[in-house]
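Visitor: I am new to this structure and would like a close look at a single part of it. Could you take one residue as a starting point and then lead me outward from there?

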Protein chains: 2
Amino acid sequence: MGRTSDAREKILGAAHSLIELRGYSALGVAEICKAAGVPKGSFYYFFESKEALALAVMDEHWATQLHDWTRILRDDAEPLDRLRRLFEATEARQLAGQQTCGTVSGCLFGNLTLEMSNQTEAIRERLQQIFDVQVDLVDKVIIEAQERGEVGVPDTREAARSVVAQLEGQVLFAKLYNDTRRLAPMWSNTLALLGARPVAH
Amino acid sequence: MGRTSDAREKILGAAHSLIELRGYSALGVAEICKAAGVPKGSFYYFFESKEALALAVMDEHWATQLHDWTRILRDDAEPLDRLRRLFEATEARQLAGQQTCGTVSGCLFGNLTLEMSNQTEAIRERLQQIFDVQVDLVDKVIIEAQERGEVGVPDTREAARSVVAQLEGQVLFAKLYNDTRRLAPMWSNTLALLGARPVAH
């Protein structure tokens, strides 16, 4: 079993890197197995299709990201500070990716949304679930900040959606220009979107 | 010559529809020619590669969009009204696309950015040029509004980038949820990002 689960992890890891680098459509099972260093025949022992593999890559990546987002956004810090730290963590992660791969790879879920959401319903549904949870987590922080009188928005959920949309839009441009400095305005933009009074530090 | 240029237009039209529907990587030249109803042999008479075709599709789409953006943003209307009309036109175009194809196809340039910008430098450069011009056009309107005291931003160009990023982010979610109502907050978000006082109508 040790070797078996090892092969599955190798396939997942190789697929994750390749999907980040080149998207989903451009990949073939043979190429993934070659990069993973596992025999092609073993692929269908672990995954019933390339789509099933993509869903597993998304789930694994989301488990890590959800852990990070929850840790940052459910911290004891002031609500707006937690949002600011989320953006700082996003920028740090994109910068670390750029230093490893040479290019800003962007958001795996944003990439798959624009590449795949109109092609397979299973991937569209999973992406919707993931972004719904992201919006939930941000919404809870906005509600707290609103209760403390630090922000003023007519609809906290719509505001949370706009904050996540701004994040995805800025990450798109960080990827296009291969420049994480594009992410710098996320924080002041979020304050503006939330009608917040900037807190002095 | 009539038939020759007709075949080129047919290939361009079919490629545009297929790229909007399924992205670039998933397509093959044979499929594009079949959809266009032209013999596969004629493809390389018009385009030296699939990448050259993608660039031609982008240029053709951009010529139309640039014409629309210029008409709307260089109009005689009040500056902020012009920005509002740009968002209304974007929403109307996405809704028309949804009614034709059944799904919101999103922004061709945003889609190609997340799918392709890390894969071919020629496509990345063209996309950068296109988004630079979009930001220029929005920036000019923000400068006008700033001169009239209707908005207050420390850096009009950074504000223009954030407005375009918000647009791309909201279009991404309109595509993911196949729902153009996701685009409704673009206008109030832009007012917030620009520190604008909403104008009564």
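Guide: Let us start from B:V138, bearing in mind that this is a predicted model. Once its neighbours within four places in sequence are left aside, B:V138 is in contact with B:W69, B:L73, B:L83, B:L86, B:A160, B:V163 and B:V164. In soluble globular proteins, nonpolar side chains tend to be buried together. B:V138 belongs to the largest nonpolar core, a set of 134 residues, and is listed with A:V138, A:L194 and B:L194 as having the most contacts inside that core.

From the core we can turn to a pocket in chain B. The second largest pocket has a volume of about 390 Å³, and of the 23 residues that line this pocket, the closest to its centre are B:E20, B:H61, B:R93, B:S105 and B:G106. Four helices of chain B, namely α1 (2-22), α4 (50-73), α5 (79-101) and α8 (156-176), each supply at least two residues of that lining, and α5(B) gives the most, with seven residues. The lining of the second largest pocket also draws at least three residues from each of domain 1 (1-47) and domain 2 (51-193) of chain B, and by residue type it divides into eight nonpolar, twelve polar and three charged.

For the other chain, the largest pocket has a volume of about 450 Å³, and the residues closest to its centre, of the 23 that line it, are A:E20, A:H61, A:R93, A:Q94 and A:G106. Its lining divides into seven nonpolar, twelve polar and four charged residues, with at least three residues drawn from each of domain 1 (1-47) and domain 2 (51-193) of chain A.

Methods: Residues are numbered from 1 along each chain as its sequence is written. Chains are lettered from A and ligands numbered from 1 in the order in which they are written. This is a predicted model: local features need pLDDT of at least 70, side-chain atom pairs count only at pLDDT 80 or more; totals for chains, interfaces and linings use all residues. Side-chain values use heavy atoms; hydrogens and water are left out. A nonpolar core is a set of buried Ala, Val, Leu, Ile, Met, Phe, Trp, Tyr and Cys residues joined through side-chain atoms within 4.5 Å. Buried means under 20% relative accessible area, exposed over 50%, partly exposed in between (1.4 Å probe, protein chains only). Contact means heavy atoms within 4.5 Å. On a 1 Å grid over the protein atoms alone, a cavity is a set of points where a 1.4 Å probe fits but cannot get out, and a pocket is an open set with protein on both sides within 12 Å along at least five of seven lines; lining residues have an atom within 4 Å of a point. Grid points are joined across faces, edges and corners, and a volume is the space filled by probe spheres set on the points. Ala, Val, Leu, Ile, Met, Phe, Trp, Tyr, Cys and Pro count as nonpolar, Asp, Glu, Lys and Arg as charged, and the others, Gly among them, as polar. Domain bounds come from an automatic or database domain assignment.
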